[in-house]
Amino acid sequence: MKKAFFLLCAVAISFCSCSPKIHKTIAKKLPPLDNAAEVTVYDIDEIVPENVEVIGGVSVVDGGFTTHCDWETVIETAKQEARAAGGNGVEILQHSYPGQNGSNCHQMVGFILNVSDDIEPVELSEMAQQNFHDYVVVKEGDTLPCSIKDESNSHLGFIYERHGIRRFSRLPKSSILDYHINDPVALAEQIAERNKKQFHVRIGLDGGYAFRTAKMAKGISGDYKDYLRKLSRGLDVGASIRFNVIDNITLGLHYDRFSKGQQADVYGYSQGGNYVEGSISNIHTINFIAGSFGMLALTSNKRHGLYYDFLFGYMDYTDVAEELGHHYTLTGKTFGLGLDFGYDYLLTKHLAIGAEFSYYSGSMSKFKFDDGFTTHNIDLGKSKEGLQRVNLKAGIRYYF
């Protein structure tokens, strides 16, 4: 007896976890239809006939552990619910595909319809009569008063009304016999406003703090490590210009400059055993001139902006040094890469403030040495000088 009970529970749990979850509301009770009765499905963009009434709503969604949720199964489930409610039609209002809303299932929300020649068309509501000044002829004898909201070379999007309920449809022009736009100029202006770029160009000026992340060489003293650590942290300034080429995808140019100087007094014995004392100093400068590819999008109220960029370009390094009265300069150049992420807050339509986090990477093994008397090249081989650094900056931006 216990085995049978547990077996029934396992079957029930398996069935519930595999099947989609159904929500249904009924506004008008009708006798249920036979399980084999024909149920017509009207897709999101299809025109619902005039002789129709909505008798309820149905949604077929992911129950959390649903596995049988392909589109055919979801539609057949909605049809069965319509038959049980006495409906012979299902109108799809929303279709969620796998990957949307955190689910791997097809999901739908729709109306249960009763389509019958006995149903008389309902007059347009007062709102529709006041606002539907356009019309679309979808088939002979079926002229739809509507409000056309979108027009392209191939499609027409419009709001129409059936049985007191407003619906949106987007049909290929090839399926439309005729249409009329009462105010084509106003429609063109609305479409242009919707398609208008959020911005064309963004210019930014930034300043902040940066620290180099390359590892230090082994075998150096603690005092010298501390000296190099201080030398690896400093001021970072930059400027950028981004062009909104299409759908908030940007191409841009960036300039960034890191600079830090450090000085220390030293004393000790040379390799020859002689006592020496004096000072050392270094001024490290790294320039990064790069092109960028990324995305920058503003919120609908154009008050907040988020962006990211992939940067690539020219990076150079200069070390102006002095060791115990001996002055020299090391210079080098390499290819650099970078990633940046940022946030903008728009104070006005054009002016914004913002913050940015970025990471730049590059390394060099060849340098030019110049002490004012001799010039020669230095090759470090595998012991490369790392130019990687993290940047935290803030600044002003101008949009236009």
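Modeller: Helices (H or I, at least four residues) and strands (E, at least two) are DSSP runs, numbered from the N terminus. This is a predicted model, so local features need pLDDT of at least 70 and side-chain atom pairs count only at pLDDT 80 or more, while totals for chains, interfaces and linings use all residues. Residues are numbered from 1 along each chain as its sequence is written, and side-chain values use heavy atoms, leaving out hydrogens and water.

Colleague: OK, voids then. Which element gives the largest share of the lining of the largest cavity?

Modeller: The structure holds one cavity of 30 Å³ or more (on a 1 Å grid over the protein atoms alone, points where a 1.4 Å probe fits but cannot get out). Its lining (residues with an atom within 4 Å of a point) has 15 residues, with Ala239, Ser240, His254, Glu356 and Lys393 nearest the centre. Strands β11 (201-212), β12 (233-246), β13 (249-269), β15 (304-323) and β17 (351-361) each give two or more residues. The largest share, four residues, comes from β12.

Colleague: And what volume does that cavity have?

Modeller: A volume here is the space filled by probe spheres set on the grid points, joined across faces, edges and corners. For the largest cavity that comes to about 90 Å³.

Colleague: Now the largest pocket: which residues are the closest to its centre?

Modeller: This pocket (an open set with protein on both sides within 12 Å along at least five of seven lines) has a volume of about 1,400 Å³. Elements giving two or more residues to the lining are α5 (222-231), β13, β14 (275-298), β15, β16 (326-346) and β21 (385-386). Of the 45 lining residues, the closest to the centre are Ile220, Tyr224, Tyr227, Leu228 and Leu231.

Colleague: Two tyrosines there. How are the rings of Tyr224 and Tyr227 arranged: stacked, tilted or edge-to-face?

Modeller: The whole structure has eight aromatic pairs (Phe, Tyr or six-membered Trp rings with centres within 6.5 Å). The ring centres of Tyr224 and Tyr227 are 5.9 Å apart with planes at 15°. The two sit three residues apart in helix α5, so about one helical turn separates them. Planes under 30 degrees apart count as stacked, over 60 as edge-to-face and the rest as tilted, so this pair is stacked.

Colleague: Is Tyr227 buried or exposed?

Modeller: Buried means under 20% relative accessible area, exposed over 50%, and partly exposed in between (1.4 Å probe, protein chains only). Tyr224, at 37%, is partly exposed. At 6%, Tyr227 counts as buried.

Colleague: Which residues have the most contacts inside the largest nonpolar core?

Modeller: A nonpolar core is a set of buried Ala, Val, Leu, Ile, Met, Phe, Trp, Tyr and Cys residues joined through side-chain atoms within 4.5 Å. This one has 20 residues, with β5 (107-115), β6 (134-139), β7 (142-151), β8 (155-162) and α4 (184-195) each giving two or more. Apart from it lies another core of 16 residues, including Phe288 and Tyr360. In the largest core, those with the most contacts (heavy atoms within 4.5 Å) are Ile47, Leu113, Val136, Ile148, Phe158 and Tyr160.

Colleague: Backbone next. What phi does Asp247 have?

Modeller: Most residues other than glycine have a negative phi. Asp247 sits in the loop between β12 and β13 and is exposed, at 64% relative accessible area. Although Asp247 is not a glycine, its phi is positive, about 50°.

Colleague: And where does Lys302 lie?

Modeller: Lys302 also has a positive phi, about 55°, without being a glycine. At 34% relative accessibility, Lys302 counts as partly exposed. Lys302 lies in the loop between β14 and β15.
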